[in-house]
Amino acid sequence: MNGELDRVASTVPPGAGAAVMGTAILSTGMAGVPVLWLSYVLVAIAAVLWLALAALFLTRLLVHRARWVADADVPPSLTGVAGTCVLGTRLSMLGWLPVSVALLALAAALWLVLLPLVLQHWKTPTVGVNFLLCVSTQALAVLSASVAIAEQLRWLAVVAGVLFLAGLVAYVSVLVTFDFRQVAHGAGDHWVAGGALAISTLAATKLYLAAGLLGVSGGVLRVVALVLWALAAGWYLVLAVGEAIWRRPHYDVRRWSTVFPLGMTATAAINLGVAAQLPGIRTAGQVLIWPALAVWAAVAYGAANKLRSAALDVRGTP
């Protein structure tokens with residue numbers, strides 16, 4: 001039985017952390033709509049997924065070292081960092097601050113280990129998954145700022161600010177070599193081109209709320225957050241039109257990287273609308289969260305079928 005489980009687990013790709021990212025960010029966004037119970041269900045699912053993937057990560061690190069090394073030097077491995085941070089951010093909203101702090105420390109350590117490996121094996125032209133360089137950095141900024149605000153830690157707010165700027169630099173560096181044909185032919189991860197700006201918007205919003213700790217003008221950060229969200233919304237429209245013209249209905253694990261940007265764009269709008277007292281943007285986010293949930297359900301169904309097929313193949317069942 002353990003052998004069968006090992007063989008099924010071997011089919012899990014390094015980018016599987018995107019499932020945690022997409023589920024946790026939907027939980028975060030759902031906290032801003034009336035259906036609060038759904039937010040709790042989603043965060044529970046995200047936590048279970050994270051624990052399962054953490055166990056798989058440790059198993060590969062300790063037992064299957066060659067597989068771990070092969071997985072670690074590709075951009076999808078950074079989904080582990082981002083997923084840990086997004087889950088930590090949601091848990092901080094629930095008051096589980098010690099757990100969030102532990103997840104922040106873990107994510108930071110993982111980022112420091114994986115980032116050099118990914119950069120050493122960097123390839124161009126870049127595709128959607130390469131924007132995880134920005135996403136993982138901004139996810140650390142969001143969680144750092146959340147903990148800093150909760151604990152009133154100026155030094156951590158400064159760290160969040162530095163990470164935010166580094167994330168913007170990472171975004172530009174990926175964008176200049178991005179293959180824009182991915183809009184028509186990408187397998188799902190091309191949506192991260194917009195999702196990276198959406199999480200940058202959320203990071204800027206958190207920093208806007210931490211402006212007092214940072215000793216900077218909240219007005220400047222507010223404008224930065226609004227500009228970033230406008231750019232993210234623009235990407236959203238371009239990518240949605242691309243999906244309508246060049247349809248790709250089949251399941252691919254990279255579709256989890258579609259779920260995350262959809263949910264993040266909505267969540268960023270909800271948070272920015274509340275923080276900046278702009279009800280129109282908040283309402284836009286509350287509307288956009290529902291198509292994100294629908295796509296999450298479709299991708300989750302596809303993933304479940306994929307795992308079921310893998311299990312049947314291992315057992316030799318026709």
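How much of residues 258-278 is helix and how much is strand, and how far apart are the end C-alpha atoms? In this predicted model, the chain over residues 258-278 is 86% helix and 0% strand. The end C-alpha atoms of that span are 26 Å apart.

Residues 258-278 also appear in a record. The unreviewed UniProt entry carries the annotation "transmembrane region" for several spans, including 37-62, 155-178 and 258-278. For residues 155-178, the model gives 88% helix and 0% strand, with 34 Å between the end C-alpha atoms.

Helix α2 can be looked at next. It runs over residues 17-30, which makes 14 residues. From the first C-alpha of α2 to the last is 20 Å, close to the 20 Å expected at 1.5 Å a residue. Of the 14 residues in α2, 14 are buried, so the helix is largely enclosed by the rest of the structure.

Helix α2 also takes part in lining an enclosed space. The structure holds one cavity of 30 Å³ or more. The largest cavity contains about 60 Å³ of space. Two or more of its lining residues come from each of α2, α5, α7 (132-151) and α10 (192-209). The biggest contribution is from α5, with four residues. Among the residues that line the largest cavity are Ile 25, Thr 28, Cys 85, Arg 90 and Met 264. By type, the lining consists of eight nonpolar residues, two polar and one charged.

Cys 85, one of the residues lining this cavity, leads to the matter of disulfides. A disulfide is a covalent bond between the sulfur atoms of two cysteines. The whole structure contains zero disulfides. Why does Cys 85 not form one with Cys 134? The sulfur of Cys 134 is the closest cysteine sulfur to that of Cys 85, but it is 13 Å away, too far for a bond. For a disulfide, the two sulfur atoms would have to be within 2.5 Å. Cys 85 is buried, with a relative accessible area of 0%, and Cys 134 is also buried, at 0% relative accessibility.

The last feature is an open one, the second largest pocket, which holds about 540 Å³ of space. It is lined by 26 residues, and the closest to its centre are Leu 53, Ala 54, Phe 57, Gly 80 and Leu 110. Helices α2, α3 (36-62), α4 (65-72), α5 (79-93) and α6 (97-120) each supply at least two residues of the lining. The largest share, seven residues, is from α3. The lining of this pocket divides into 18 nonpolar, six polar and two charged residues.

Notes:
Residues numbered from 1 in each chain as written. Predicted model: local features only at pLDDT ≥ 70, side-chain atom pairs only at ≥ 80, totals over all residues. Heavy atoms only, no water. Expected span 1.5 Å × (residues − 1). Buried < 20%, exposed > 50% of the residue type's maximum accessible area, 1.4 Å probe, protein only. 1 Å grid on protein atoms, 1.4 Å probe; cavity = no way out; pocket = protein on both sides within 12 Å on 5 of 7 lines; lining within 4 Å. Points joined across faces, edges and corners; volume = space filled by probe spheres on them. Nonpolar A, V, L, I, M, F, W, Y, C, P; charged D, E, K, R; others polar. UniProt positions renumbered as here; feature names shortened; annotations may be inferred.
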